[in-house]
Amino acid sequence: MTAAPRLADVVVVGAGQAGLAAGYYLRRAGVDFVILDAQQVPGGAWRHAWPSLRLFSPAQYSSLPGRMMPIPADGGYPDAAHVVAYLTDYEQRYRLPIIRPATVRAVRRAGERLAVETGAGAWQARVVVSATGTWWRPYVPHYPGMRDFRGEQLHTADYPGPEPFHGRRVMVVGGGNSAAQILAELSQVAQTTWATLRSPRLLPDEVDGRALFDLATRRHRAIQAGKNAENIGDLGDIVAVASVCEARDRGMLKAEPMFSRITADGVAWADGSTAACDVIVWCTGFRPALAHLAPLRLRAPGGVIGTDGTRALAEPRLHLLGYGDWTGPASATLIGASRTARTAIQEVLAQLATS
C-alpha cells in the first residue's frame, strides 16, 4: 500500500548552497519545512568539482547567512574541498531538516498544494523552493564531426584534474573562468590549445567575485527601474586567481578562434588550418536542472521559466533559487545565493501568512 504523502509548509528541493541559504531563513522563521537532496552526502555540486577549482572571491565574501566561511590556511581563494567542508558544517550547525538521498522526480499541482514525488516518498507543500542548480545539466554545443573524433571528449563536470593528461595534446574550449583555470593547470603537464568564441579578457587583478556581485546587483536594479545598466562584460571575463595569473605570466593564456568542425584526430578551422589533439575539454557551461518541474508546464519558448524575482509567474507557489541572474543577481554564486534567498523567503513567509 502506498504511504500517504507527508505535509509541510515548504519543501526545498536541493541542499546545495542555495537550498541551505533558504533553509537558514526558514529555520529562523520557525516554518515547518524539509529539504530534499538527491546526494548521499553534504556539499552539493562542490563535492563533484575538480580538486583545484577555486572560488572567485575571498572566503569573507563567500559566506552563507549566519556563518562566515573560515579563511583557508594559505590565505587564498577557497578551493572546492574547503567549500564542501564549510557547507557540511553549515547544515549541521543549524540542524537543517535534510532528507537524503531523496531524488525529486516530479512536482505537480495537487489542489491547494504542490505534490513533490521522490524515490524516498511523497510530500505535499504549500510552497516549493526549487534549488537544484545547474551542475547536473552540463552543456556541450554541437559541432560537425563530433562523432568522428577518435580521442576523448569530456565536460568541465567530468574533469578529474591534470594527472590523466600528462604528455597528451589537449584542446580546451570556452572563454570563462573554468576554462582559464583548467587550461592553467593542464598547460603544466600537457600540450594545450585554447579555443574561444571571442578573445578572452582577464579582469583587473583587484576585481574579484565581490566586485562582480556588486556590479550585477546594480545592473539588476537599473534594469528594474528602466534605466541604462552597466554591462558586466565590459570589465572582462576571467577572474585573475593565482593559477591563472601564473599561466598568464608564462604566456599560456593565448586563445585561438573557435574551430568550425571536429575531425577524427583533432579540429579544423574554416580557413583550412587544423590542429591535432587527443582530448577535447568542453568548458562550455551548464543549463538549469529543471526536469522535475516538467509536469507544471511552465517553460517559455526560450526554455526558461518566467519569474517575478524568484517566484514563477504561472505558478506562484513555486520559487526558483540559485539558477543565475534570471532568479536574482549572481544567484548561482555563494554570496548571490545568500542574498537572493533572504528576499525569496521573505516573500514565501508573506505567502504563507495570507494563504
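**Helix α5, its surroundings and the overall fold**

Reader: Which residues of helix α5 are buried?

Author: In this predicted model, helix α5 spans residues 242-249, and its buried residues are Val244, Cys245 and Ala247. Looking down the axis of α5, one finds these buried residues within an arc of 160 degrees, so they line one face of the helix.

Reader: And what do the buried residues of α5 pack against?

Author: The buried residues of α5 pack against α3, which covers 177-186.

Reader: Which exposed residues sit on the face turned away from the buried side of α5?

Author: That face carries Ala242 and Asp249, both of them exposed. Just after α5 comes glycine 251, whose phi is positive, at about 75 degrees.

Reader: Back to cysteine 245 for a moment: why is there no bond from its sulfur to another cysteine?

Author: The closest cysteine sulfur belongs to cysteine 283 and lies 18 Å from the sulfur of cysteine 245, which is too far for a bond. Cysteine 245 has a relative accessible area of 14%, and since buried means under 20%, it falls in that class.

Reader: How about cysteine 277, where is its nearest cysteine sulfur?

Author: For cysteine 277 the nearest cysteine sulfur is again that of cysteine 283, at 13 Å, and cysteine 277 is in no disulfide. Its relative accessibility is 4%, so cysteine 277 counts as buried.

Reader: So how many disulfides does the structure hold?

Author: The structure holds zero disulfides.

Reader: Switching to the sheet with β9 and β10: what is its strand order?

Author: The sheet is open, has five strands with parallel pairing, and runs in the order β7-β14-β8-β9-β10. Its edge strands, each of which pairs on one side only, are β7 at 152-155 and β10 at 255-257. From one strand to the next, the twist averages 25 degrees.

Reader: How many bridges are there between β9 and β10?

Author: Strand β9, residues 191-196, pairs with β10 over three bridges, in the parallel sense. Taking one residue pair as an example, tryptophan 194 has alanine 255 in β10 as its bridge partner. In general, the strands of a sheet pair through backbone hydrogen bonds, and the pairing can be parallel or antiparallel.

Reader: Different topic, alanine 80: which helix is it in?

Author: Alanine 80 lies in helix α2, which is made up of residues 80-93.

Reader: Is alanine 80 buried or exposed?

Author: Alanine 80 counts as buried, because its relative accessibility is 4%.

Reader: What does alanine 80 touch, leaving out residues up to four places away in sequence?

Author: With those sequence neighbours left out, alanine 80 touches Trp46, Ala49, Trp50, Pro51 and Leu53. Alanine 49 is 31 residues away from alanine 80 along the chain, yet their C-alpha atoms are separated by 6.5 Å.

Reader: Zooming out, how many helices and strands does the protein have?

Author: The secondary structure comes to six helices and 17 strands.

Reader: And how does the radius of gyration compare with that of a compact globule?

Author: A compact globule with 355 residues would have a radius of gyration near 20 Å, and the 21 Å of the protein agrees with that. Taken along the principal axes, the C-alpha atoms fill a box of roughly 65 × 45 × 40 Å.

Reader: What share of the residues is buried, and what share of the contacts joins residues at least 24 apart?

Author: Buried residues make up 50% of the 355 residues. Among contacts between residues at least 6 apart in sequence, 65% join residues at least 24 apart.

Methods: Residues numbered from 1 in each chain as written. Predicted model: local features only at pLDDT ≥ 70, side-chain atom pairs only at ≥ 80, totals over all residues. Heavy atoms only, no water. Pairing = 2+ DSSP bridges. Helix = DSSP H or I, 4+ residues; strand = E, 2+ residues; numbered from the N terminus. Axes fitted to C-alpha atoms, helices over the stretch in contact; angles between N-to-C directions. Buried < 20%, exposed > 50% of the residue type's maximum accessible area, 1.4 Å probe, protein only. Arc of directions from axis to C-beta. Contact = heavy atoms within 4.5 Å. Disulfide = S-S within 2.5 Å. Rg over C-alpha atoms; globule rule 2.2 N^0.38 Å.
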